[in-house]
Amino acid sequence: MNRDDVWVEVDAITNSIASIVETNVGTSGAFESLSFDGSTVNTVVLDDVDPVTVKIFSVDGERNPGEPAFFAICIDQPLDSPLLVSLSTGDTITIPTVSMEFLYTVNDTGSGDITVSIVSAGVTSKTFESLVVSPGSAMVTDPPIDGDDHFPTLDKDISHITIYFSAAEGSDLESLDL
Ligand SMILES: [Ca+2]
C-alpha cells in the first residue's frame, strides 16, 4: 500500500469478507437468511511524489598545484537505503543509510582545474518517486582565483629585469642590471 516515502510503490489494498456471525440468530429480529459475498475487492492506491535532491559541491573551491581537490556529495534527507552515486571520474561512492553526505577527494598530483560531475544516482531494488540532481557538477580551480598564498604568474615576455636591493651605507652598488 502507499506509504508517504520517497519510493515508487504500485501496490493495492486487497480485501474480502471472510465470515459473518449473527449474534441474535434464531431470535426475534434476526435475519431469516443471511449470507455474504466473499469475493475479493481491489483498491489501487496512487503514489504521491516526494522529491529527493542530490548535489555535489567543492568543499574548498580552489587548490594549489599538486594538492588534492575536495568535494562533497550530499542528499537533502537521510534515506533508508544506501545511495550509490556514479561520478565522472569513474568512481562510484556510497552515501550510507541515514547519512546525508560523502566527502570525496581527488588526489590529482597534476595542475589545472578539476570538475567532478554526478553521472547517475540510485539505490538497489527501489525507484525514486522523483530524484533531482542539482547542482550536478562542481569545480576546483587551480591556480586559486584569490588568496595570497601563492606566487603570481608572469604573463609578459621579460627581456630586461632590474633588481634593486639595499646596500650597505657607503657602497656605490645600488642596482644590478641583468
Ligand atoms: Ca511512495
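Select Leu84 and Gly122 to begin: Leu84 stands opposite Gly122 in strand S8. The model on screen is predicted. Now widen the selection to the two strands that carry this part of the tour. S5 and S8 pair in the antiparallel sense, over four bridges. S5 spans residues 83–87 and S8 spans 114–122.

Next, show the whole sheet around S5 and S8. Four strands make up this open sheet, ordered S6-S5-S8-S10, and their pairing is antiparallel. Colour S6 (92–95) and S10 to see the edges: each has a single partner strand, so one side of each is left without a neighbour in the sheet. From one strand to the next, the twist averages 30 degrees.

**The other sheet**

Move on to S7, S4, S3 and S9. These four strands form an open sheet in the order S7-S4-S3-S9, with mixed pairing. S7 (101–106) and S9 (130–133) are at its edges, each with a single partner strand, so each has one side without a neighbour in the sheet. The twist here averages 15 degrees between one strand and the next.

To see the mixed pairing, select S3, residues 51–58. S3 runs parallel to S9, and four bridges join them. Label Pro51, which stands opposite Ser130 in S9, and then Thr53, whose bridge partner in S9 is Val132. Now turn to S4: five bridges join S3 to S4, and these two run antiparallel. Lys55 is a good residue to label here, since it faces S4 at a known position: Lys55 stands opposite Cys74.

**The core**

Show side chains for Val54, Ile56, Phe71, Ile73, Leu83, Val85 and Ile118. These are the residues with the most contacts inside the largest nonpolar core, which has 17 residues. S3, S4 (69–75), S5, S8 and S10 (137–140) each supply at least two residues of this core. The largest share, four residues, comes from S4.

Centre the view on Ile73. Which residues is Ile73 in contact with, leaving aside its neighbours within four places in sequence? They are Val54, Ile56, Val85, Ile93, Ile95, Glu101, Phe102 and Tyr104.

**Loops: Leu79 and Asp60**

Go to Leu79, in the loop between S4 and S5. Is Leu79 buried or exposed? It counts as buried, because 20 C-beta neighbours lie inside 10 Å and the cut-off for buried is 20 or more. Beyond its neighbours within four places in sequence, Leu79 is in contact with Thr97 and Val123. Draw a distance from the C-alpha of Leu79 to that of Ser99: the two are 20 residues apart in sequence and 7.5 Å apart in space.

Asp60 is the next stop, in the loop between S3 and S4. Asp60 is exposed, because 12 other C-beta atoms lie within 10 Å and a residue with 12 or fewer counts as exposed. Draw a second distance, from Asp60 to Val140. These residues are 80 apart along the chain, and their C-alpha atoms are separated by 7.2 Å.

**Backbone details**

Most residues other than glycine have a negative phi, and most peptide bonds are trans. The next four stops depart from that pattern.

Select Val98, in the loop between S6 and S7. Val98 is not a glycine, yet its phi is positive, about 75 degrees. With 9 C-beta neighbours inside 10 Å, Val98 counts as exposed. Then select Ser125, in the loop between S8 and S9. Ser125 also has a positive phi of about 75 degrees although it is not a glycine, and with 7 C-beta neighbours inside 10 Å it counts as exposed.

For the peptide bonds, go to Pro135, in the loop between S9 and S10. The bond joining Ser134 and Pro135 is cis, with omega about -10 degrees. Then follow the chain to Pro143, in the loop between S10 and S11 (162–164). The peptide bond from Asp142 to Pro143 is cis as well, with omega near 5 degrees.

**The whole chain**

Zoom out and colour by secondary structure. How many helices and strands does the protein chain have? There are zero helices and twelve strands. Buried residues make up 11% of the 178 residues. Among contacts between residues at least 6 apart in sequence, 61% join residues at least 24 apart.

Terms used
Residues are numbered from 1 along each chain as its sequence is written. This is a predicted model: local features need pLDDT of at least 70, side-chain atom pairs count only at pLDDT 80 or more; totals for chains, interfaces and linings use all residues. Two strands pair if DSSP finds at least two bridges between them. Axes are lines fitted to C-alpha atoms, for helices over the stretch in contact, and angles run from 0 to 180 degrees between N-to-C directions. Two residues are in contact if their C-beta atoms, placed from the backbone, lie within 7 Å. A nonpolar core is a set of buried Ala, Val, Leu, Ile, Met, Phe, Trp, Tyr and Cys residues joined through C-beta atoms within 7 Å.
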